[in-house]
Structure formats: structure tokens, C-alpha cells
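Let's take a walk through this model, strand by strand and then residue by residue. Have the viewer open as you read.

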Amino acid sequence: MSSSVPRLVIAAPSSGSGKTTVATGLMAAFASRGLAVSPHKVGPDYIDPGYHALATGRVGRNLDAYLCGAELVAPLFAHGARGCDLAVVEGVMGLFDGAAGEGELASTAHVAKLLRAPVVLVVDASSQSRSVAALVHGFASWDPEVRIGGVILNKVGSERHEGMLREALDASGVPVLGVLRRVERVGTPSRHLGLVPVAERRAEAVAAVDAMASQVRGGCDLDALFALARSAGGLSGAAWDAAEALAFSPPPPLPVPVPGGSAPRPPYRAERARPQTPDGLKVAVAGGAAFTFSYAEHAELLAAAGAEVVTFDPLRDEELPEGTRGLVIGGGFPEVYAPELSANEPLRKAVAAFAGSGAPVAAECAGLLYLSRELDGLPMCEVIDAKARMDERLTLGYRDAVAVSDSVLAEAGSRMRGHEFHRTVVEPGAGVAPAWGVRAPARRVEGFVQQGVHASYLHTHWASAPGVARRFVERCVGSWATAG
């Protein structure tokens, strides 16, 4: 693993302080200087990485110590940052906010320590002056293993206000590396699950990223920030690699049908045999404006397992890509595009016929809604005997889960960690053969396993269990052989 990639973690005392504006603006500002910038996001967020990708021209990647395990954070970082001049990591929530009931696990501070990276604290200074010094002092001294190397003051009202803030911070020992004036919100509109994804407003998103970069260039000391990034500690070990990850078999199933405690996952067993797949085996992955939630490592693992990964847009394409042998439908916003998805009847029928043939289908959250009988009263693919609708309540949080039924993704008893993030309800919430047993916030089963279909609300990160991708591709090979 390269120890030479300079890196910064952009954090804040709380959500809404301006992390995304500063992080994305920094990425774009440094990229405009000709630097290769590697963009990263702490936690399970799918939307911010889209803006990061616009800013840098590189894939935005997530670093999630809960979903992937702390041991994979540095290897996944090194994988994404390979060959780059600088890495910028946007934090999640407040600096020390992690998985509920799990201490620092998956917090921005936790990831910063795993990466041995300095932290830049973005502070909303709009309603304070001298008190900012107490706030910064508290964050800087709370955990001595977290190094806050500088502060960027956001929403500063005037030169006089800036002078008061700087004077207060002079004695803190934490340098001010940027001051951003209070301006109208950069054009990044939000709705029920956060920012509107880039794929839905690309031209406007490009303009928004340009505005963020201009704001950061005008108010931040880029030279000082890059010098701070170069002070990051060295990392040791190998960068994550999809092909190497597949050289390990999945963990043996746990002897429990539903989640019990929080025992660690069993170690993978070394297995050097590479998967054998026919040439041209295609796995189609849903994309377009309605299905924007995915981790880059999923496609990399599928490709390393021998599949040709192709994308299709359920809003526009009337048939699956020719030669499709497996189907992956990830997360997104089908509720926003329900009329258009419903109107594309040829593709709905093609998906239903594909699933009905027993071919492998993996659907997460939005994919579950799309496979249901209807969404908000509009016909969907009718693969799953359930109805989906919008709901006022937000379902959000990490989940410990155990596979209840054998499926194209996992053996019954296999433990995985996942994340839920939706304002919809599927009724019933589970089929005759449920997908997962979930321990918290309430013990329940959820999702559907039938023929080759695995459909669930749970978002998972396959880098934590590469055997998922191998198993899926193996089922594609088996389905192809049966069809042949």
C-alpha cells in the first residue's frame, strides 16, 4: 500500500455545517490545478460521491468501517487512491458520530485514525464569535488520536465577523485555513433522502460543483491545505484488489437462523482456484436516473469473477441487454420515476420473464420496489407478490443480518452487515422464504427469495464478503448451462 498519497479528512461538529460544499469544492479546486484527486466519502452515502466524481473525474468511493470492517478501510482507500496526487475524504454527520450503540465505530474520527489522516474541521460560524474557540478546543482535545490540523470557517457574515473569529482562535493552536462568506445555498437541491443525485440534473450539478470550487478557491489557503495533507502518516499493507479478494472463499454459515449477538465474522479460508466462466457471460446492472445507488466495488468484483458487466436504463431501454445471464437492480429513486417506469411495459415484462426463468436477480431497496406488483398504485414488474408505497417515516440505520434462506447471494446462516435508507413501505415485508433476519432495531425477517431472485431493502457492501459476487456469477453460469 502506498504511504505517499497526501490526504485530508473534511469533518464538522454536526451535519449541515457545510462539509459537502467544502469537500467537493476542494476536490474540484485541486483538480483544476492539474492534480489527480481521489474522492472518498465516510459511511453509506451514495449521493455525495456522485458530486465528488464530477469534481475529480474519478469514481467516488465509500469508506465504511461498519459495513466493511475496520480492517478494510485502509486497503479500500489505497485501492481508490492508487496513482493519485491527493485524496480528500468527506466525513459523515458530526466528527465523532458513529453507528448507534457502537462507540466510535464508523465515525469520521474512526476512519481518520484508520487512515492516519489529518482532519480539517468545517465550522458553521453564522451564530457565534468568541465561542468558536471553545468549540474548536473541545473537538481538538476530545480524542488525542484524532489530529485536527486546521479549521475552515463557514457562513461568515463580514470582515468584522471574520476578525472576531480569528482573534478568538489565535490561542487555540488550530490554524484557520479558510473563511467562506455567508452566501445563498449553492444550487444543490434536496428532497426526501438528501441531495438530488447528479444523474438527475447533470448540467445543473456541473454548475453547482463549479460554484463550490470557486467559493473554496476564493476563501481557502490551498497551499496550506496541501501541505497539511502531505503530513499524513504512513500506511502499511496491500491495497484492496477485486481479483485477490476472490482468492478467498466466503465464511462458513453461522448455525443460527436469525441474528443473535454481535460475534465477529469467521475468517475467510484461502482458496487459490479462480472462477471459470464462459466468454461473454453478461451481468446487467440497472442505471440511469432512477437507479443511482451502487458501490464501485460491486461491478469490480463481478468483473473479477468473470462476468462482463453492462448497464441498462429502466426508464429508456425496452429490453435487457442481449445475452444477459444475471440481473442486478440496486438502490435509487423509483418512487420519483414511478410513472415512467410503469409506462415502460416492454421492459417490465422482459424483467418478469427473466426472473420467471429462474435466472439470478439481485435487487436492493429500489430494486425491490421495481420488482413488486405496484408502486404507489402503478404497475411494476410483478415479480414479487407485494405492493410498495411512499411513507412519511424515514427508515434509516445500520443492520446486523443473517441470511434466512439459501439464495443466489448467500447460504442460509451467512452473516452480513447492511444499511437501510428509505421512505417507502413494502407490504408484506417478507415472503414465504425471507431474505434476511434482522436483529435491530426490532427482531424481524424481511425481503424475498424465490427461484433465482433475492430482493430486499438491505444495502450491503460486497467488499466485506467477496464470495457474494462469486456465488452470483456461479449461479449465472449454472443458469446459462441449464438454459442451453
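What follows covers a sheet, a second set of paired strands, a helix and a few single residues.

First, the ground rules. This is a predicted model, in which local features need pLDDT of at least 70 and side-chain atom pairs count only at pLDDT 80 or more, while totals for chains, interfaces and linings use all residues. Residues are numbered from 1 along each chain as its sequence is written, and side-chain values use heavy atoms, with hydrogens and water left out.

**The six-stranded sheet**

Helices (H or I, at least four residues) and strands (E, at least two) are DSSP runs, numbered from the N terminus, and two strands pair if DSSP finds at least two bridges between them. By that rule, 6 strands make up an open sheet with mixed pairing, in the order S13-S12-S14-S15-S23-S22. At its edges sit S13 (308-312) and S22 (448-450), each of which pairs on one side only. Direction ignored, neighbouring strands here are turned by 15 degrees against each other on average; axes are lines fitted to C-alpha atoms, for helices over the stretch in contact, with angles running from 0 to 180 degrees between N-to-C directions.

Helix H12 (residues 345-356) packs on this sheet and touches S13, S14, S15 and S23, where contact means heavy atoms within 4.5 Å. The direction of H12 makes about 110 degrees with that of S14.

Now for strand S15 (residues 361-364). Is it buried or exposed on its two faces? Both faces are covered: Val361 and Ala363 on one side, and Ala362 and Glu364 on the other, are all buried. Buried means under 20% relative accessible area, exposed over 50%, and partly exposed in between, using a 1.4 Å probe and protein chains only. The split into two sides fits a general pattern: in a regular strand the side chains alternate between the two faces of the sheet.

S15 has a partner in S14 (residues 324-329), parallel over 3 bridges, with Ile329 bridged to Ala363. S15 also runs parallel to S23 (residues 453-456), joined by 4 bridges, and there Glu364 stands opposite Ser456. Over in S12 (residues 282-286), the pairing with S13 is parallel too, over 5 bridges, and Lys282 faces Glu308 across it.

**Strand S18 and its partners**

S18 (residues 384-403) pairs with S16, S19 and S20, as the table shows.

| Partner of S18 | Sense | Bridges | A bridge pair |
|---|---|---|---|
| S16 (residues 372-375) | parallel | 3 bridges | Leu375 and Ala388 |
| S19 (residues 415-427) | antiparallel | 12 bridges | Leu396 and Phe421 |
| S20 (residues 436-438) | antiparallel | 3 bridges | Ala401 and Val438 |

**Helix H2 and Lys41**

Which residues of H2 (residues 48-56) are buried? They are Asp48, Pro49, Tyr51, His52, Ala55 and Thr56. These residues lie on the same side of H2, because they cover an arc of only 155 degrees around the axis, the arc being that of the directions from the helix axis to the C-beta atoms. As a reminder, an α-helix has 3.6 residues a turn, so residues three or four places apart point the same way. Just after H2, Gly57 adopts a positive phi of about 75 degrees.

Some of those H2 residues turn up again around Lys41, which lies in strand S2 (residues 37-42). Not counting residues up to four places away in sequence, Lys41 touches Asp48, Pro49 and His52, along with Arg61, Asn62, Leu63, Glu90, Gly91 and Val92. Lys41 is buried, at 4% relative accessible area. Its side chain makes a polar contact with the side chain of Glu90 at 3.2 Å. A polar contact is a pair of N or O atoms within 3.5 Å; within protein, one must be able to donate a hydrogen and the other to accept it, and residues adjacent in sequence count only if both atoms are side-chain atoms. Val92 is 51 residues from Lys41 in sequence, yet their C-alpha atoms are 7.6 Å apart.

**Two more residues**

Arg166, in helix H6 (residues 159-169), counts as partly exposed at 34% relative accessibility. Beyond four places in sequence, Arg166 touches Val176 and Val179. The C-alpha atoms of Arg166 and Val176, 10 residues apart along the chain, are separated by 7.2 Å.

Where does Ser464 lie? You'll find Ser464 in the loop between strand S24 (459-460) and helix H14 (467-483). Ser464 counts as buried, at 5% relative accessibility, and its side chain reaches the backbone oxygen of His461 at 2.7 Å.
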